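Reader: Hello! I am new to this structure and would love a close look at one part of its surface. Could you walk me through it and then lead me inward?

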Amino acid sequence: MMVTEKKGFSQDRIKTRSFFSAKNRTCFLIFLKPVIITLVLIGPTLWGGKVFLDPAYTTAQYSILFSQKSALNSGTWFPVWISQWASGFSLWLLPSSFGLLNPLHIILVKFLDFALASHILTFIYLVTGFYTAYFLGRVLNLSRAASVTVALAYAFNSYNIWLGHLLSLSSLFFLLPFLFLTLLRAYQGERKFIYWSALFIFLAWPFALTQI
């Protein structure tokens, strides 16, 4: 009985030791890196009650998400036109639609404060942009270090830090590495990837800027 227990205890130690192996630690650090960087960049907006003061954010994104939340809570979905700034054009046709048809946006805006939902979505897209760029690097046979460098440069470049908090851009930004990969595979002769490319391009309309 004692031998069995010791053997089982020994196997558990081996499993624990293998879990904390150098390879797993490296993967965990790679996973954690964009989370830490993004929290440093926009952390105060997540738990400090602060908001972004970019003109496009304050005049369009906050107002449209507020209108969407109000309409969702009233059971009327959300208005197709907002006369104050839509100027007679349907929200579906506006370049600043900010992903009104994105299911993730709808769910978070429904259950959270509209500003907090916007900030959480910004956090998700910045972090996901890192992961998808890292995945692209690995598929292209880059080393882990090179893939991390590519991912950092992609997710946290000055353009994305400047405009990445606008959901109409960031909600598509993280899909671009997949688009690059599918176009490359199609160019290499795997024609079925053309359909995947078309899917990612189509997602620009309901999820992001309609003119992209």
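Author: Let's start outside, where L140, L142, V150, L184 and Y187 make a nonpolar surface patch of about 460 Å². Such a patch joins nonpolar side chains (Val, Leu, Ile, Met, Phe, Trp, Tyr) within 5 Å, from residues with over 30% relative accessible area and no salt bridge, that is, no side-chain nitrogen of Lys or Arg within 4 Å of a carboxyl oxygen of Asp or Glu. Areas come from the Shrake-Rupley method with a 1.4 Å probe, and for residues only the protein chains shown count as cover. This is a predicted model, where local features need pLDDT of at least 70 and side-chain atom pairs count only at pLDDT 80 or more, while totals for chains, interfaces and linings use all residues. Residues are numbered from 1 along each chain as its sequence is written, and side-chain values use heavy atoms, leaving out hydrogens and water.

Within the patch, Y187 belongs to helix α10 (residues 176–187); helices are DSSP runs of H or I, at least four residues, numbered from the N terminus. Y187 counts as exposed because its relative accessibility is 72%, where exposed means over 50%, buried under 20% and partly exposed in between.

Now for the inward step. T132 sits in helix α6 (residues 114–139) and, at 5% relative accessibility, counts as buried. Leaving aside residues up to four places away in sequence, T132 touches F174, P177 and F178, a contact being heavy atoms within 4.5 Å. Helix α6 is also among the elements covering the buried residues of α5, including α3 (55–74) and α9 (167–173). Those buried residues are H105, I106, L108 and V109.

Technical notes. Patches are made of residues with over 30% relative accessible area and no salt bridge: like charges are joined within 9 Å, nonpolar side chains (Val, Leu, Ile, Met, Phe, Trp, Tyr) within 5 Å. Helices (H or I, at least four residues) and strands (E, at least two) are DSSP runs, numbered from the N terminus. Buried means under 20% relative accessible area, exposed over 50%, partly exposed in between (1.4 Å probe, protein chains only).
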